[in-house]
Amino acid sequence: MRSRLTNYIRSLLTPAALNQLLTVGIVGVANTIVSFTLFNSFLGMLGGTKTVADGFNWEQFWSIALSFLVATFVSYLLNRRWTFQLSDTGDMRRETIHFIGINVAAWAVTQGVVGGADWLWGPLSRMQQNLFYLLASGLIILPKFAGYRDIVFRKAIDAQANEAEPVPSTS
């Protein structure tokens, strides 16, 4: 078991994996900008700063959910095409389902971090909401990368690698 974990960690430290992680990070920064912009726009439209006495902060909840939904769509497209350089259609249905699953988990962590902070110290100011949202974004980047690489796009990456291998000549 230990050698499998060691081998997996080593696989994350190869030049190709580090390049992919860097690219996922750049896509993540772009998505974070999209997500933050939408999050704050939705908070402004919905009025997302409440006191704990007002009950559950549905406005904050829906602001996170909607901004995550749009950012997830953008992330899928950018990561598929740019990070993992996949252009064929492949099994996009399976990829999409797994990608959404990973991002639902990331969304739940984000809701937990922001909502938990709001519950513990609330009501949070807009700045505090954004800081906890940023903290959650940092917590989820490496697990998301591993999920994208090893679950979502693994079959397409392997198929692309197999196509690129030279066929031995029989002469």
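**Pocket, salt bridges and a bent helix**

Analyst: By class, nine nonpolar, ten polar and one charged residues line the largest pocket of this predicted model.

User: What makes Lys 144 noteworthy in the lining of the largest pocket?

Analyst: Lys 144 is among the residues nearest the centre of the largest pocket, together with Gly 28, Asn 31, Thr 32 and Ile 140. Lys counts as charged, and the lining holds one charged residue; therefore Lys 144 is that residue. The pocket has a volume of about 290 Å³.

User: Which helix gives the most to the lining of the largest pocket?

Analyst: α5 does, with eight residues. α2 (15–46), α3 and α5 each supply at least two.

User: How do you know that α5 is not straight along its length?

Analyst: Helix α5 (residues 126–152) has 27 residues, and a straight helix of that kind would reach 39 Å at 1.5 Å a residue. The end C-alpha atoms of α5 are only 34 Å apart, which falls short of that span. A bend of about 40° is found at Ile 141, and Pro 143 follows within four residues.

User: Why is the contact between Glu 95 and Arg 80 called a salt bridge?

Analyst: The criterion is a side-chain nitrogen of Lys or Arg within 4 Å of a carboxyl oxygen of Asp or Glu. The closest N and O atoms of Glu 95 and Arg 80 are 2.7 Å apart, so the pair qualifies. Glu 95 lies in helix α4 (residues 92–121) and Arg 80 in helix α3 (residues 58–83), so their contact ties together parts 15 residues apart in sequence. Both residues are buried.

User: How many salt bridges does a search of the whole structure find?

Analyst: The search finds three. Asp 150 takes part in one with Arg 149, at 2.8 Å from N to O, and in another with Arg 154, at 3.3 Å. Each distance is within 4 Å, so each contact meets the criterion. Shared partners join Arg 149, Asp 150 and Arg 154 into one network.

User: Why is Arg 149 classed as buried or exposed as it is, and what of Asp 150 and Arg 154?

Analyst: Buried means under 20% relative accessible area, and exposed means over 50%. Arg 149 has 7%, so it is buried. Asp 150, at 24%, lies between the two limits and therefore counts as partly exposed. Arg 154, at 27%, is partly exposed for the corresponding reason.

Terms used: Residues are numbered from 1 along each chain as its sequence is written. This is a predicted model: local features need pLDDT of at least 70, side-chain atom pairs count only at pLDDT 80 or more; totals for chains, interfaces and linings use all residues. Side-chain values use heavy atoms; hydrogens and water are left out. The expected span of a helix is 1.5 Å times one less than its number of residues. The bend at a residue is the angle between axes fitted to the seven residues ending there and the seven starting there. Buried means under 20% relative accessible area, exposed over 50%, partly exposed in between (1.4 Å probe, protein chains only). On a 1 Å grid over the protein atoms alone, a cavity is a set of points where a 1.4 Å probe fits but cannot get out, and a pocket is an open set with protein on both sides within 12 Å along at least five of seven lines; lining residues have an atom within 4 Å of a point. Grid points are joined across faces, edges and corners, and a volume is the space filled by probe spheres set on the points.
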